Amino acid sequence: MTRSSSPSSSSDIASSPSTTPSTPPPGSPTYCIVLHDASVAFLQTLPLAKSSGDRALLFSGSGAVEDLLIRAADILEDKSILEDACWERVVAQDEGREVSYYKTKCDAPMLDVIEDKPSVALDALKCETTPIAHADALNRFCEAGLRSMITLTSSDYNVALHILERPALTYPLLSSTPATLLNPSANPFSIPSLPEFERGWAIWDLITLGMIPPTLLHSKPIDLRHKPLFYIGHLPTFANILLSTLTRARPVGPRSYLSTFERGIDPIVDDPEHCHNHSEVPERDEDWPTLKEVLEYRDEVREKVVKRVYAEMERGERPLTRRMARTLMMVLEHDGFHIETLLYMLIQRAGSGMLPPPGFAPPPWEALAAQWDHIPAPASPTVTLGPSELVMGHDDQEPDDLLPALEHDVTAHEFGWDNESPRRVVQVGRFAVEWRPVTNGEFEAFWRGAGKGKVDMPASWVEEDGQVKVRTLYGPVPMRCARHWPVLTAYDDLAAYAAHKGGRIPAEPELRLFLDKYQVSYAEGANAGFRHWHPLPATAGGPEQGGRGSNGGVWEWTATTFDGHDGFVGTGIFPGYSSDFFDGKHQVVLGASYATIPRLADRRTVRNFYQHNYPYPWVGARVAYDL
């Protein structure tokens, strides 16, 4: 056998591809079977095209793999992968050792394909690796630019099969934050990097250009929010105003955009005519800028404002200060919050105009639902916490940015929004709280029974052909597929559910105490950062990790009204960010959704807020009980 001189692979020249009927036709997906403990570097090199139908079938554990391949063929709806003649063996290097994997044949011969035999014997393939924890597997995949569509396990639980795609993008772990000239300590909560902006821009462009057809640009999926075109212009305008003000540079783009796209709306749900200060927008569709004009403006802001600031700091032409780092943080995280805002608006039109996320495979709903039905329930419905002393917030007062002693103290500092500061200690009494948020199935029973006529059908549901379905960004799915997910609905209706059970919604310190103790982080497997484009069943209270688990990938309501607190100082960079909503109508929400960027999801001081009767955001709740 002649060896290739390539340092990463070795092979004979492949023979001509088989012409048997089972050989995938030209243009069909590429599949790879991986049986060894593959490194991130190896997974990055697998010949899977981004945003395509190509799939990796990665096994871990010990045992035969054929039965799992049969199940994978059903999920992939491609029986050709069960034919031995479809496959060829490829020899490669993985961290200095020779390994082999299997790849479906293509029309063109590959230099690194072994063709000692005319086909692969799938019934003889076995996996012999150390099992990998689910969270560790997810981390390895995202670092390699891959995403798990579903994980299958053998009947004896000795072998797992991860069906992987290479999606449009993945979010790396916060622990992978690189040390740079501007952030030498690699602090994930300090100044954001330009690649962080670029990743945020990529997901924003995927949503705005790939999920919103032209017919929806001037629609209003939610009457209480602007049309989608506004938000496409709003994000660059926020960056344009804040950074141009700080650098004392002339804002780019048409001056009219600075007022049209300056600020969104949050009208009072009960009185939509009453609203905080916001932009005055054109009333007629024809008076708005065109999409082409707004996108040209977006690109100009990215190049001439954001990228220019980074280039000047890296060249030493502009000093890195706390005020600059904070402003960049606000721009990046404002973008992150609005990714969710736009998505929870668009989901109201999923299946009726909005397009599903491009570059991410549709979930195999029925197969997933069958797995979710077997997630073990907690050993007990509730856990008791307190009395306890709890630290809330962090010391990050915006006026301190200008103190000479702190002005250039940036990389070790953790930045946040005004309502996260200052650090304060509160006492939490003894209470019990349910391990998991209220599910769709539980709330449906209440809505149809004791709560009938008292609570509204959640806006996250839709009735089609006499059946209640749950909205997803891929279109509505039957309740049976989503009954274990946390229900997403207004605080008022979840408070009514809690009262019916003899409980209440937890206060902010109580929920914070629970999340600190039992909610896993992104690195521990939390459903955040677009690992999925939908909620999952919660897993906290399970038999592993001392009860730690995921809440399913939703924000959670608290009974705490959003208001000022001792030491609160409102931001001067974005006046009114918090204080405009100290109106007695907004509740504090904590946690993160499946569409929350990891930087926001894992900073424990983050506080979000919505009106108590606003049903659209991705917020659920759990029930607490007095003891």
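## A tour of cavities, pockets and cores

Start with helix H3, the biggest contributor to the lining of the second largest cavity, with 3 residues. Keep in mind as you click around that this is a predicted model.

**Stop 1: the second largest cavity.** Select 134–143 to show H3, then add 147–153, which is strand E8; each of these supplies at least two residues of the lining. To find the middle, put Cys-142, Leu-146, Arg-147, Phe-530 and Arg-531 on as sticks: of the 16 lining residues, these sit closest to the centre. The space itself comes to about 120 Å³. Colour the lining by class and you should get 10 nonpolar, 4 polar and 2 charged residues. How many cavities of 30 Å³ or more does the model have? The count is 9.

**Stop 2: the largest pocket.** Keep E8 selected, as the largest share of this pocket's lining, 6 residues, comes from that strand. The pocket holds about 1800 Å³ of space. Centre your view on His-134, Thr-151, Gln-371, Ile-375 and Thr-539, which lie nearest its centre among 49 lining residues. Next, bring up the elements that give two or more residues to the lining: strand E3 (55–64), helix H2 (66–76), H3, E8, E9 and helix H9 (365–372). Colouring by class here gives 23 nonpolar, 20 polar and 6 charged residues.

**Stop 3: the second largest pocket.** Now go to Pro-178, Ser-193, Pro-195, Glu-196 and Arg-199, the closest to the centre of this pocket out of 31 lining residues. Its volume is about 530 Å³. Which element should you show for the largest share of the lining? Pick H4, which brings 7 residues. H4, helix H7 (291–314), H8 and helix H14 (598–601) are the elements that give two or more residues each. By class, the lining splits into 19 nonpolar, 7 polar and 5 charged.

**Stop 4: Asn-187.** Select Asn-187, in the loop between strand E9 (159–165) and helix H4 (194–210). Is this loop residue buried or exposed? Asn-187 counts as buried because its relative accessibility is 15%, and the cut-off for buried is under 20%. Show what is around it: setting aside residues up to four places away in sequence, Asn-187 touches Thr-177, Thr-411, Ala-412, His-413 and Glu-414. Zoom in on His-413, whose backbone oxygen lies 3.3 Å from a polar atom of the Asn-187 side chain. Then try a distance across the model: from the C-alpha of Asn-187 to that of Ala-445 you should read 46 Å, for two residues 258 apart along the chain.

**Stop 5: the nonpolar cores.** A bit of background first: in soluble globular proteins, nonpolar side chains tend to be buried together. Here, select Phe-59 and Trp-533, the residues that touch the most other members of the largest nonpolar core, which has 161 residues. Add helix H8 (residues 322–346), source of the largest share of this core with 14 residues. Stay on Trp-533 and show its contacts beyond four places in sequence: Ile-203, Leu-206, Ile-207, Met-211, Leu-343, Pro-357, Phe-360, Leu-473, Tyr-474 and Tyr-594. Last, select Phe-42, Leu-48, Tyr-101 and Phe-141; they are among the 18 residues of another core that lies apart from the largest one.

Terms used. Residues numbered from 1 in each chain as written. Predicted model: local features only at pLDDT ≥ 70, side-chain atom pairs only at ≥ 80, totals over all residues. Heavy atoms only, no water. 1 Å grid on protein atoms, 1.4 Å probe; cavity = no way out; pocket = protein on both sides within 12 Å on 5 of 7 lines; lining within 4 Å. Points joined across faces, edges and corners; volume = space filled by probe spheres on them. Helix = DSSP H or I, 4+ residues; strand = E, 2+ residues; numbered from the N terminus. Nonpolar A, V, L, I, M, F, W, Y, C, P; charged D, E, K, R; others polar. Buried < 20%, exposed > 50% of the residue type's maximum accessible area, 1.4 Å probe, protein only. Contact = heavy atoms within 4.5 Å. Polar contact = N/O pair within 3.5 Å; in protein donor to acceptor, adjacent residues only side chain to side chain. Core = buried A, V, L, I, M, F, W, Y, C linked by side-chain atoms within 4.5 Å.
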